[in-house]
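Please work through the exercises below with the sequence and the three-dimensional view side by side. Try each task on your own before reading its solution.

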Amino acid sequence: MIDKNPDKIKNIFNETAGYYDKMNNLISFGMHYLIKKSVVKLLKIKPNSLILDLCCGTGDITEIINKINPTSKVIGVDNSEKMLIKAKIKNPDNLFVQADCTCLPFNNNEINYTIISFGLRNIENRQKVIQEIYRTLCQNGHFLHLDFGKSKIDRIFDIIVKFIIQFLPVNKAN
């Protein structure tokens, strides 16, 4: 079990930012991007929507939304400054905010869609995150949580990640 302390999680993602995309592609055999794209399409996002990509990491979901619905404004939020640097490189026209998901810097009823993809699992106070998501969602807003869930594949995934991380170099320069 990974310690969910926010500072420890932030440090893990700062340390892995340089090879995070390569690691995801290796672990999922490239399927993670296709899954994310399929799920975003299912949302049928309305034009000119304001969308939060929480725990945005390197900006995959932001990139997918930009391609599918270019009239929407996507704001990526992550606690890791190094992940946000990678996200900004992929999505130079988007706004990215370093923030803790348990205290979002947005107004009540401001957001049309909030997406968190494979991120809620790393947050210590999940209830507070959900409260913040619903506080910021506008009336008839939509929330999507994408993850494996509590299944055998999730446990297998955790074992694979721990194994692969041991052998990947930490690149402190990125």
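**Exercise 1. How many aromatic pairs does the structure hold?**

Solution. Keep in mind from the start that this is a predicted model. The search finds one aromatic pair, and its two partners are Tyr 134 and Phe 143. The next step is to describe the geometry: the ring centres are 5.9 Å apart, and the planes make an angle of 80°. Because planes over 60 degrees apart count as edge-to-face, this pair is given that name. As a last step, look at the surroundings of Phe 143, which counts as partly exposed because its relative accessibility is 23%.

**Exercise 2. Describe the overall make-up of the protein, beginning with its helices and strands.**

Solution. Counting the elements gives seven helices and five strands, and reading them along the sequence gives the pattern α-α-α-β-α-β-α-β-β-α-β-α. Turning to burial, 44% of the 174 residues count as buried. The accessible surface comes to about 9800 Å², and carbon and sulfur atoms account for 58% of that area. Finally, among the contacts with a separation of 6 or more, 71% join residues that are 24 or more positions apart.

**Exercise 3. Which residues have the most contacts inside the largest nonpolar core, and which elements supply that core with at least two residues each?**

Solution. The largest nonpolar core has 17 residues, and those with the most contacts inside it are Leu 52, Leu 54, Val 77 and Ile 123. Strands E1 (50-54), E2 (73-78) and E4 (111-117), together with helix H6 (126-136), each supply at least two residues, and E1 gives the most, with three. To follow one member more closely, take Ile 123: leaving aside neighbours within four places in sequence, it touches Lys 4, Cys 55, Cys 101, Thr 102, Ile 116 and Val 129. Apart from this core lies another, of 13 residues, which include Val 39, Val 40, Val 74 and Phe 118. As background, nonpolar side chains tend to be buried together in soluble globular proteins.

**Exercise 4. Which residues of H5 are buried, and what covers them?**

Solution. The buried residues of H5 are Met 83, Leu 84 and Ala 87. Seen down the helix axis, they fall within an arc of 100°, and therefore they line one face of H5. Their cover includes H1, H2, E2 and strand E3 (95-98). Now compare this with H1 (residues 6-16), where Ile 9, Phe 13, Asn 14 and Thr 16 are buried, and where the cover includes helix H2 (20-28) and helix H5 (81-90).

**Exercise 5. Is Leu 120 buried or exposed, and where does it lie?**

Solution. Leu 120 lies in the loop between E4 and H6. Because its relative accessible area is 9%, Leu 120 is buried. Its contacts, leaving aside neighbours within four places in sequence, are Arg 126, Val 129, Ile 130 and His 145. Although Leu 120 and His 145 are 25 residues apart along the chain, their C-alpha atoms are separated by 7.9 Å.

**Exercise 6. How many disulfides does a search of the whole structure find?**

Solution. The search finds zero disulfides. Take Cys 101 as a test case: the closest cysteine sulfur belongs to Cys 55, at 3.8 Å, which is too far for a bond. Cys 101 counts as buried because its relative accessibility is 5%, whereas Cys 103, with a relative accessible area of 55%, is exposed.

Notes. Residues are numbered from 1 along each chain as its sequence is written. This is a predicted model: local features need pLDDT of at least 70, side-chain atom pairs count only at pLDDT 80 or more; totals for chains, interfaces and linings use all residues. Side-chain values use heavy atoms; hydrogens and water are left out. A nonpolar core is a set of buried Ala, Val, Leu, Ile, Met, Phe, Trp, Tyr and Cys residues joined through side-chain atoms within 4.5 Å. Buried means under 20% relative accessible area, exposed over 50%, partly exposed in between (1.4 Å probe, protein chains only). Helices (H or I, at least four residues) and strands (E, at least two) are DSSP runs, numbered from the N terminus. Contact means heavy atoms within 4.5 Å. Accessible areas come from the Shrake-Rupley method with a 1.4 Å probe; for residues, only the protein chains shown count as cover. The arc is that of the directions from the helix axis to the C-beta atoms. A disulfide is a pair of cysteine sulfur atoms within 2.5 Å. Rings of Phe, Tyr and Trp (its six-membered ring) pair if their centres lie within 6.5 Å; planes under 30 degrees apart count as stacked, over 60 as edge-to-face and the rest as tilted.
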